[in-house]
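Please open the model in your viewer and have the selection panel ready. The stops below are meant to be taken in order, with a pause at each one to look around.

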There are 2 protein chains.
Amino acid sequence: MTQPSTPKAAKPKPAKDAPREPKAAERILTTAGELFYREGTRAIGVDEIVSRAGATKPTLYRAFPSKDHLIAAYLEGQGEGFWTYFEAAAGKHPGDPKAQILAFFDELGERATRPGYRGCALTNAAVEYPAADHPGRLVSVEHKQGLRERLRQMTKAMDARKPKKLADALLLLIEGVYVSSQLFGPDGPAAAAKGAAQALIEAHTRPEPE
Amino acid sequence: MTQPSTPKAAKPKPAKDAPREPKAAERILTTAGELFYREGTRAIGVDEIVSRAGATKPTLYRAFPSKDHLIAAYLEGQGEGFWTYFEAAAGKHPGDPKAQILAFFDELGERATRPGYRGCALTNAAVEYPAADHPGRLVSVEHKQGLRERLRQMTKAMDARKPKKLADALLLLIEGVYVSSQLFGPDGPAAAAKGAAQALIEAHTRPEPE
DNA sequence: TCCAATACGTACCGGTCTGTAACGTTGTCA
DNA sequence: TGACAACGTTACAGACCGGTACGTATTGGA
């Protein structure tokens with residue numbers, strides 16, 4: 001009776017190279033991520049997360065020690081995602097830090113006008129949790145320090161007169177895009193970011209008038 | 001028996017010109033403001049507000065229809081405070097919009113390094129409440145639109161080539177200062193804001209090379 | 001002297017929050 | 001067959017949430 005080809009597969013049959021269906025803990029993390037980003041981490045309770053993820057609270061708490069740690073894991077993922085697209089933009093112009101940064105601003109401006117855009121999850125989390133020891137805030141602060149460092153490295157590579165100042169100014173523009181997009185929507189000041197970045201880079205690298 | 005000067009005043013005796021002691025509703029608003037700014041509005045419950053204000057919940061709810069409206073009232077006050085110091089900075093340089101804006105950046109940079117600085121309450125509230133119809137968010141959005149308009153007015157007055165673009169770029173810097181101060185503390189990128197603003201204004205008003 | 005308005009407190013409501021305990025079920029691999 | 005991992009089910013704890021029904025003291029005026 002057990003034919004080789006059963007019409008209805010009794011076992012899900014992992015099939016090795018087939019895309020395994022995500023485990024409960026993964027579903028929880030991705031579902032939480034979507035909800036956290038859209039509504040903010042304080043606005044979403046664990047009950048809603050597990051119910052939407054098709055899981056249960058004990059499963060959540062077996063995978064994450066607390067909601068705060070789930071938030072931290074979500075932010076880690078966001079940070080990795082940031083670096084992926086930051087370095088992708090930089091990769092378009094090897095050896096040309098000016099063009100690399102401008103490519104990033106291009107990408108940023110494009111993202112900031114997409115529907116549902118709500119800025120940088122890590123920045124938002126730092127606003128939501130002012131307490132210095134919150135696990136989520138720690139992830140955010142570390143990430144932003146890394147970004148500051150990366151920008152400095154690039155402004156040094158372009159021989160800016162004051163690379164640290166230029167990097168910080170660019171960082172201000174980036175963070176400004178993040179929050180002002182939430183305030184103003186698609187027609188906000190974010191569209192001015194790339195031009196401003198260009199002008200600042202220009203001002204810092206233009207040959208000094210004798 | 002009722003002498004004109006009683007040793008112990010039975011009545012508090014308003015005394016007309018004496019500084020009246022604040023009513024419970026006022027105490028609630030100011031106390032809520034401090035707590036909201038320091039910890040965020042979602043982190044503070046009404047119980048803590050009234051207990052620290054030496055009042056009770058019914059008093060709160062007689063003065064404000066809901067916690068959200070209390071938040072909105074707090075943000076209104078913050079907005080007024082902003083305009084007070086914005087126009088104070090502008091008032092130092094009548095008729096000179098460039099100097100007015102730079103004076104504001106001076107003031108902003110000074111504030112951003114003060115202990116306990118946590119950025120702009122209105123920006124923070126917009127991050128905390130993405131829902132478009134939240135009373136607090138409405139106050140924030142309106143305020144920021146007003147700021148954008150005011151900046152445009154000033155960049156027009158300085159005959160910038162692209163006044164709207166310049167105003168938006170300045171706004172990005174301002175919002176960047178607000179959030180990055182929370183991320184990085186007193187040694188953050190905020191110190192680069194004034195120089196960047198100066199460079200951008202310069203670039204937008206420098207006589208065009210023929 | 002009495003009344004009405006004002007200003008406030010006591011005590012409580014139902015609901016939601018994060019987090020946990022105890023136990024059952026299923027699939028896998030040796 | 002048996003051990004183990006992964007997950008679900010149910011129920012609950014304890015704190016905290018925003019919000020309210022109702023009682024009370026004080027005051028100013030008729």
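The tour goes through this predicted model in four stops, beginning with a DNA strand.

**Stop 1: DNA strand D**

Select DNA strand D and then the residues around it, of which there are 20, the closest being A:Thr59, B:Val46, B:Lys57, B:Tyr61 and B:Lys67. If you colour the strand by its parts, sugar and phosphate make up 47% of the atoms of DNA strand D that come within 4 Å of the protein.

Which elements should be shown as ribbons here, in that each supplies at least two residues of the surface near DNA strand D? They are α1 (24-39) and α3 (57-63) of chain A, together with α2 (46-52) and α3 (57-63) of chain B, and the largest share, four residues, comes from α3(B). Coloured by class, the surface near DNA strand D shows eight nonpolar, five polar and seven charged residues.

Three distances are worth displaying at this stop:

- From A:Gly54, a backbone N or O atom lies 3.2 Å from a phosphate oxygen of DNA strand D.
- From A:Arg62, a polar side-chain atom lies 3.0 Å from a base nitrogen of DNA strand D.
- From B:Tyr61, an N or O atom in the side chain is 2.8 Å from a phosphate oxygen of DNA strand D.

Before leaving, centre on A:Thr59, which has its place in helix α3 of chain A. Setting aside residues up to four places away in sequence, A:Thr59 touches A:Ala24 and A:Ile28, and its C-alpha atom is 7.0 Å from that of A:Ala25, although 34 residues separate the two along the chain.

**Stop 2: DNA strand C**

Now select DNA strand C, which has 16 residues around it, with A:Lys57, A:Tyr61, A:Lys67, B:Pro58 and B:Arg62 coming nearest. Sugar and phosphate account for 46% of the atoms of DNA strand C that come within 4 Å of the protein.

Draw a distance from a polar side-chain atom of A:Lys57 to a base oxygen of DNA strand C, and the value is 2.3 Å. Phosphate oxygens of this strand can be reached from both chains, since a polar side-chain atom of A:Tyr61 lies 2.7 Å from one, and a polar side-chain atom of B:Thr59 lies 3.2 Å from one. The elements giving two or more residues to the surface near DNA strand C are α2 (46-52) and α3 of chain A, together with α3 of chain B. By class, the residues of this surface divide into seven nonpolar, five polar and four charged.

**Stop 3: where chain B meets chain A**

Hide the DNA and select the contact between the chains, in which 41 residues of chain B meet 41 residues of chain A. The area buried between them is about 3400 Å², with carbon and sulfur atoms giving 74% of it. On the chain B side, B:Val127, B:Leu172 and B:Leu183 lose the most area to chain A, together 21% of what that side buries.

A search for salt bridges between chain B and chain A returns zero, whereas eight residue pairs are in polar contact across the interface. Among the elements of chain B, α8(B) gives the most to the side that touches chain A, with 14 residues, and that side as a whole has 22 nonpolar, seven polar and twelve charged residues.

**Stop 4: A:His143**

Finish by centring on A:His143, in helix α7 (residues 135-157) of chain A. Is A:His143 buried or exposed? It counts as buried, because its relative accessibility is 8%, and buried means under 20%. Leaving aside neighbours within four places in sequence, A:His143 is in contact with A:Gly79, A:Phe82, A:Trp83 and A:Leu122.

Terms used:
Residues are numbered from 1 along each chain as its sequence is written. Chains are lettered from A and ligands numbered from 1 in the order in which they are written. This is a predicted model: local features need pLDDT of at least 70, side-chain atom pairs count only at pLDDT 80 or more; totals for chains, interfaces and linings use all residues. Side-chain values use heavy atoms; hydrogens and water are left out. A residue is near a molecule or strand if one of its heavy atoms lies within 4 Å of it. A polar contact is a pair of N or O atoms within 3.5 Å; within protein, one must be able to donate a hydrogen and the other to accept it, and residues adjacent in sequence count only if both atoms are side-chain atoms. Ala, Val, Leu, Ile, Met, Phe, Trp, Tyr, Cys and Pro count as nonpolar, Asp, Glu, Lys and Arg as charged, and the others, Gly among them, as polar. Contact means heavy atoms within 4.5 Å. Buried area is the accessible area (1.4 Å probe) that two parts lose on being put together, summed over both. A salt bridge is a side-chain nitrogen of Lys or Arg within 4 Å of a carboxyl oxygen of Asp or Glu. Buried means under 20% relative accessible area, exposed over 50%, partly exposed in between (1.4 Å probe, protein chains only).
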